[in-house]
Amino acid sequence: MRLLNPFSAVASSGKHTSTVPAPHVQICAHTDDDLYFMTPDLWQSVRSGVPQVNVYLTTGEADGINLAMDDAARKTATPDFPAYTAARQHGIRAAYAFMVTGSRRAAWQRSAMKIRGVTAEINHLDEGRITLVFLNLRTGRGAQNGNLLDLWQQTSKKLATLRPTSSPIPSRCDGQSLTRDALIGTLTEILQGYSPAVVRIMNPDPQWTVIDKKTGGIAYCDNSDHTAAALFAMAALEKYERTGRQRPAVVESYVGYCNKLRPRNLSPQQAARKFSYLAVYGGEDGHDCEQPPGLCGDRPLGNRAYNRFYGQSTNHRWRSGTNWLQLRSDGRLASFAVLGGRPVMWTQDQPGGDTWSGPAPLGQVPAGGGRVVAGLDATRDAGGRVHVIAVRAAVGPSPEQHQRNFLHIAEDPVTGEFGTWSDLGSPYGTSAQHEPHRRALGMPVIVASGDGVQIAVRNFGSGLSSRLLTEKGWEPWSDLKGSVLEGIAAIARSEGTVEFYATSSTSGMGLLRWYQTTPGGAFARDYGTQLAQPAAPVTLIEQPDGSLLMYSRQPGTGWLVANRQDRPNGTWNTQPDIATTTPGFGPLAHAVLAAGKAAALVQRTDEHGLSLCVQSLDGSPIRQEWTPLGGGPFVHAPAVSLDSRDRLVIAYIDAQACLNTLTLDLSNDRELSTLPSWSTHHLPGCQPTGRRRR
C-alpha cells in the first residue's frame, strides 16, 4: 500500500527503529469523541511526544446547520451538510494545534489519499506527529441509507461518503460508498500501515437505562455511532491481529455518554484541561475568527461542552485492575497483560532478580472467535499458585455472534507452568436471546480464600454474579443481587472469608458490601455502609487487628481519602481522613510489607507520574507524605508486589507497550531519598518514551 505514515518509512514493514516511537491510533465515530472520552490518556501521550493517528469514521453532519443551538437564525437556516462537516473538521484541527503548539492556527498539511475502498482526507501537523484521517461516512440527517450501526448489522448494505466544503478530496469522489466489509478492510489497512503500540476505541457495549416491560425493548445511554465505531474497530483489530506480522498493541476501550451515570472521576484541573480543548473545537476560546463564522468550529457544541455531563469523567469499558503483578510459586515475579488481543506474561529471570524476559504468550487460549480484552485480574492462592481471569469478546452483525466469555488459567500444581485457559462461559449462555445480558457484563475480579478461588462480575441486572473454584472444580454461577455501577473491589480476610465492595447504581446508596460470616458461606448484602461513592474502585487492606482500612478516590477532586472500620467486621467511620490533596486518576495499587505492619501505596497523579506512600497499619493517623516516583506515560493502572527478597516492585505498562519496573528496598529508610531509575523491559525494537524519574 502507499505509506500512510509520513514520519517514518517503517510503517509498512512493521519494524521500528530506536529513534521513532510507534504511534497511538484512535478510532472514533465523530470529530470530538477523542477530546470528550479519551482524555486524559490521550493528552498524556500527546504531551510525551508519541505520534498520534486519529481516524474519524463519520462526518457527524447532524442537521447540517452550524449555528449555536440558541441562535434564532436556526429556524430559517438552510442545511449545508458539507459546510458543517468542514466546520467540525476545522474545529478538531484547531484543538490539536492548540494542544501541541499552543496556537489554534498552526499550519496543517492537507491531502487526499485512496485507502482501500474510499478516498479519505489526511491532515498532518508538526511533521506528522499528529495525523487526522477523515473517512467522511454520512450518518446524519443527510444520509440516504441509514447509519453506522445499520451498516454494522447489515440492515444497510452501504453508506455513502460526503465531501466536506473545500476538502482536497476530488469532487468526483463525493458520494463514494463503503460496505460493511470494505469499512473493516479500510480500518485494517490503516492499522497495518501504522503498526501502533496503543489503539484507543469507543465502547461496544453501552449501558442500558430503560427496559420496556411490554415490548422488551432496551434503551441505551450512548450514541449508536459510538457503539458501531467500536464494533468496526474490534472487527478490524481481530483481522489485523490474525496476520501475526505486526507488533502487538495494547487496546483501550472508552465509555461514551454513559460517563454521565458515573461519579466524576476527573479533578477540576483535568476537567478544565479537557474543556479548554473542547472550547477551541467549538470556536468558543475567545479567538478572532478569520474564516466565515460557520468555519470557526462546531457552533452547535459551542460553549455547551461543560453542560454535557458525560464530559466530567473518563472511564474505560474494560477497566484494568492493579493486581496484574504476582509472585509465582517458584519465587519469580510475573507481570500479566494483553497485547494484540492475547494474554502475555513478563517473568523475572530468577527469584529476586532485576532482569526480566518476555512478553511471552500466557498459556494457550482455547479455539473460538474473538479477542481477549484489555484488563486482567490475578490472585495468589493459599498454596502459592497464581490464578488469572480474563474476558474474551467476539462481535458480529447478528446477536448470537456477540459473545462475552470468562477465561481462567492457573499455575500447574506440579510443574508450576501455565497450560491451557479454561472457558468459564458467562452467566447468560450463548443464545441470541441473551445478547444484551452478555454485553452488560462488567470486568471480573478474582480473589483466593480458604475455600477456593472466587470470581465476581457485574451482571445485566446490575447486581453481582459469582462463581467459585473448589478442589472439585467450578461451581455454577450464583446471583448475589445488589445494584452496581462498576468497579468491584475484593478482599480475602485472614479468617478465610471474602468481601466485595462496589459503587451502587442507586442514587444516595454510596458503596455496597457483600460479605461472608463464615468461610465458604453464603454472601449477605450490606446496604448501610454509609460510605460515599468513590471515583474509582476502592483499595482494601486488612490491618493486624483484623479491621479494614479503605482508600478511595474522591469524586470531583481526584483526592485520596481513607476510611477505617472501628473493629473487625465493625462499622466504618463515615468522616474520611484525607490521604493527599494532590489529585490523581484511577485505582490505587498496594502491597502489605513483609512485617505486616505497613502498606506501600502507589497512585497515578494528574501529571501522569506515580507517587508512593508508606502507611502504618497500627491505627496511627493517615500519612499525607507521598514521594514522586516519575515514570509514565502509562496505559492501564500501576501494580505493586513484593519479590522473593521482600523488596517492593512497582510496575506499569508504558506508551510503547513495554513493562517498566522500579525496585525499592523499604527496609532502608534512605531508599526514598535516593531513588533508583526505572527499568524498561522491551518488546523487540521497542523505544521507551516520555519522562523518567523526576
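How many nonpolar, polar and charged residues does the lining of the largest pocket have? The legends below take up that question and then visit other views of this predicted model.

**View 1. The largest pocket and the residues around its centre.** Here we look into about 1400 Å³ of space, the volume of the largest pocket. The lining is made by 46 residues, and those closest to the centre are Asn 323, Gln 326, Thr 379, Ala 490 and His 590. By class, the lining has 26 nonpolar, 14 polar and six charged residues, which settles the opening question.

**View 2. The strands that line the largest pocket.** Let's stay with the largest pocket and follow the elements that each give two or more residues to its lining: E12 (325-327), E17 (377-380), E21 (445-449), E26 (489-492), E30 (539-542), E34 (589-592) and E38 (634-642), every one of them a strand. Strand E21 gives the most, with five residues.

**View 3. The largest cavity.** Searching the whole structure turns up nine cavities of 30 Å³ or more, and this close-up shows the largest cavity, which holds about 160 Å³ of space. Its lining has 15 residues; closest to the centre are His 316, Arg 319, Phe 585, Gly 586 and Pro 587. Sorted by class, these lining residues are five nonpolar, seven polar and three charged.

**View 4. The second largest cavity.** Next comes a cavity with a volume of about 110 Å³, the second largest. Among the residues lining this cavity are Arg 262, Pro 263, Asn 265, Asn 315 and Arg 319. You will also find Leu 485, Glu 486 and Thr 503 in the lining, together with Pro 534, Ala 535, Ala 536 and Pro 537. Arg 319 may look familiar, as it is also one of the residues closest to the centre of the largest cavity. The lining of the second largest cavity has six nonpolar, three polar and three charged residues.

**View 5. The chain that surrounds these spaces.** Stepping back for context, the chain has eight helices and 41 strands. Its radius of gyration is 25 Å, close to the 26 Å given by the globule rule for 694 residues, so the chain is as compact as a globular protein of that length. Along the principal axes, its C-alpha atoms fill a box of roughly 75 × 60 × 50 Å. Of the 694 residues, 61% are buried. Looking at contacts between residues at least 6 apart in sequence, 59% join residues at least 24 apart. On the outside, the chain exposes about 25300 Å², with 48% of that area supplied by carbon and sulfur atoms.

Technical notes
Residues numbered from 1 in each chain as written. Predicted model: local features only at pLDDT ≥ 70, side-chain atom pairs only at ≥ 80, totals over all residues. Heavy atoms only, no water. 1 Å grid on protein atoms, 1.4 Å probe; cavity = no way out; pocket = protein on both sides within 12 Å on 5 of 7 lines; lining within 4 Å. Points joined across faces, edges and corners; volume = space filled by probe spheres on them. Helix = DSSP H or I, 4+ residues; strand = E, 2+ residues; numbered from the N terminus. Nonpolar A, V, L, I, M, F, W, Y, C, P; charged D, E, K, R; others polar. Rg over C-alpha atoms; globule rule 2.2 N^0.38 Å. Buried < 20%, exposed > 50% of the residue type's maximum accessible area, 1.4 Å probe, protein only. Contact = heavy atoms within 4.5 Å. Areas by Shrake-Rupley, 256 points an atom, 1.4 Å probe, with all protein chains shown as cover.
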